[in-house]
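I opened a new structure today and wanted to find my way around it. These are my notes, in the order I looked things up.

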Amino acid sequence: MFRPRPIVSWEELLQTERKRRREKCVAEDKINTLQFALNQRAKAPLAQLPTPLHRLENFGRALNLPELWIKRDDLTGLEGGGNKTRKLEFLVGDAIESGCDMLATAGAIQSNHTRQTAAAAAKCNLKCALLHFSWTRDAGPLYRQSGNILLSSLMGAELYLDETERPIEDQSPLLGFVEDLRRSGHKPYLIPAGASEHRYGSFGYMACAAELILQSREKGIQFDYIVHCTGSSSTQAGLVAGFAFMGENIKVIGVADDDETDIKRARVLELANNALAELEASVRVSPTDVEIVSADQSPYGKAEPETLDAIRLLARSEGLVADPVYEGKALRGLQMLAGDGRFESASRVLLMHLGGTPAVHAYANQFGEPGFSDLSDSR
Ligand SMILES: Cc1ncc(COP(=O)(O)O)c(C=O)c1O
């Protein structure tokens with residue numbers, strides 16, 4: 001009688017299953033260890049988490065990326081949302097624990113970071129002083145009245161302006177600014193621009209890395225690539241450090257908000273390894289783990305017409321808006337990477353939306369006048 005011989009013995013099957021379960025336990029153990037280590041730190045509960053994770057079918061089809069997803073960190077809560085809210089949970093927690101009564105930070109006039117700091121201060125009953133630098137020229141007549149600056153003012157922050165033109169990397173007057181606040185009797189907590197170059201600056205996105213692994217498991221998807229905009233660099237540093245901590249193999253590609261790819265590459269590496277050292281982790285990140293590309297290389301705060309087209313494409317295909325300073329440049333980067341064949345076919349790619357929508361209003365004139373159709377045309 002013919003008896004089909006099993007290709008794999010029961011013993012082998014059992015061993016494979018035991019190995020799979022062991023690996024799953026080790027992976028879960030690493031997620032728990034990371035979350036436990038981060039939860040030992042003082043934290044202000046500011047963000048609404050987890051942020052949604054969903055597919056971008058229409059935009060993905062336009063870019064020939066059938067498995068394109070988006071993580072909605074534009075919906076972290078507080079007014080306007082964005083990536084700073086996750087970072088600020090740790091910094092504001094530390095500020096409160098240190099007995100400070102004021103948050104002090106800096107950014108461009110249309111900084112999403114200063115606006116989220118104003119929101120965090122309001123929620124935590126702290127005062128807030130914001131120093132705005134002239135890192136970029138005003139984008140138009142609404143630049144000093146609408147968008148982020150309007151929201152910061154509504155949320156009660158003291159607004160200061162330094163009109164000296166300076167490169168984006170220069171935030172030197174911030175220390176003197178904080179010293180003046182101290183002399184005036186405040187107890188300010190200094191948050192660097194972008195909340196990155198701070199010993200806890202990368203923790204928010206290390207926590208996000210753990211959230212993402214749990215959330216993607218729940219949805220039965222394993223991402224091969226993450227693409228997002230990189231500026232002050234602790235978003236990318238936190239993700240890269242978090243995945244290294246958990247032994248997860250996901251390639252993170254940062255799209256620069258200007259052409260300073262070398263500065264950002266070095267900074268992401270340094271911040272990621274500082275964060276791992278701060279948590280006394282045994283792993284470290286190497287230069288090959290840090291990839292930064294630049295698609296729209298115009299200076300900070302400026303965008304090419306193709307970037308505005310990418311913003312329109314996302315808006316019209318998905319009903320989601322990106323700003324021209326950060327997220328529009330991430331879209332250009334994603335388009336460039338897809339067009340260059342950087343992803344293998346069937347790659348699962350995650351775009352992180354890191355916020356910035358309020359700035360669109362301040363840049364309104366760059367998109368042209370919204371035109372009205374003649375009413376008689378509709379009849
Ligand atoms: C909307 C938006 N996207 C991306 C970034 C870049 O993030 P990071 O500064 O952590 O590199 C920022 C920073 O200000 C931002 O506001």
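My entries start with the whole chain and then go down to sheets, a helix and single residues.

**Entry 1: the whole thing**

I noted at the start that this is a predicted model. I went through the secondary structure and got 12 helices and 10 strands. Next I looked up the radius of gyration, which is 22 Å. The globule rule gives 21 Å for 379 residues, so the protein is as compact as a globular protein of that length. I also boxed the C-alpha atoms along the principal axes, and they fill roughly 90 × 65 × 40 Å.

How much of the protein counts as buried? I found 48% of the 379 residues. Then I looked at contacts between residues at least 6 apart in sequence, and 81% of these join residues at least 24 apart.

**Entry 2: the parallel sheet**

I took the sheet with 4 strands first. It is open, the order is β5-β4-β3-β6, and the pairing is parallel. Which strands stand at the edges? They are β5 and β6 (188–191), and each has a single partner strand, so one side of each has no neighbour in the sheet. Ignoring direction, I get an average turn of 25° between neighbouring strands here.

I spent some time on β4, residues 127–134. Of its 8 residues, 6 are buried, so I wrote it down as mostly covered. On one side, β4 pairs with β3 (residues 102–108) in the parallel sense, over 7 bridges. I picked out one pair there: A108 stands opposite F133 in β4. β4 also runs parallel to β5 (residues 158–165), and 6 bridges join the two. I looked up two partners in β5: F133 is bridged to D162, and S134 to E165.

How does the chain get from strand to strand? I traced β4 through helix α5 (residues 147–154) to β5, and this β-α-β crossover is right-handed. The unit made by β3, helix α4 (residues 112–123) and β4 is right-handed too.

A reminder to myself: strands of a sheet pair through backbone hydrogen bonds, either parallel or antiparallel.

**Entry 3: the mixed sheet**

The other sheet on my list is open, with 6 strands in the order β1-β2-β10-β7-β8-β9 and mixed pairing. Its edge strands are β1 (53–55) and β9 (291–293), and each of them pairs on one side only. From one strand to the next, the twist averages 30°.

I checked one pairing inside it. β2 (residues 68–72) and β10 (residues 349–353) pair in the parallel sense over 5 bridges. In that pairing, L68 stands opposite V349 in β10.

Helix α9 (residues 261–278) packs on this sheet, and I found it touching β7 (225–230), β8 (251–256) and β9. The direction of α9 makes about 140° with that of β8.

**Entry 4: helix α9**

I stayed with α9 and checked its length. At 1.5 Å a residue, its 18 residues should span 26 Å, and I find the end C-alpha atoms 25 Å apart, which agrees.

Which residues of α9 are buried? My list reads K264, R267, V268, L269, L271, A272, N273, A275 and L276. I then looked for what covers them, and the cover includes α7 (203–218), β7, α8 (234–246), β8 and β9. Just after α9, I noted that E280 takes a positive phi of about 55°.

**Entry 5: two single residues**

I chose S196, which sits in the loop between β6 and α7. Is S196 buried or exposed? I count 25 other C-beta atoms within 10 Å, and 20 or more is the cut-off for buried, so S196 is buried. Leaving out residues up to four places away in sequence, S196 touches G201, S232, S233, S234 and L271. L271 also appears among the buried residues of α9. From S196 to H228 is 32 residues along the chain, and their C-alpha atoms are separated by 16 Å.

My other pick was R18, in helix α1 (residues 10–39). R18 has 10 other C-beta atoms within 10 Å; with 12 or fewer counting as exposed, R18 is exposed. I also looked up R18 against A129: they are 111 residues apart in sequence and 56 Å apart in space, C-alpha to C-alpha.

Notes:
Residues numbered from 1 in each chain as written. Predicted model: local features only at pLDDT ≥ 70, side-chain atom pairs only at ≥ 80, totals over all residues. Rg over C-alpha atoms; globule rule 2.2 N^0.38 Å. Contact = placed C-beta atoms within 7 Å. Pairing = 2+ DSSP bridges. Right-handed = clockwise from strand over helix to strand, strands pointing away. Axes fitted to C-alpha atoms, helices over the stretch in contact; angles between N-to-C directions. Expected span 1.5 Å × (residues − 1).
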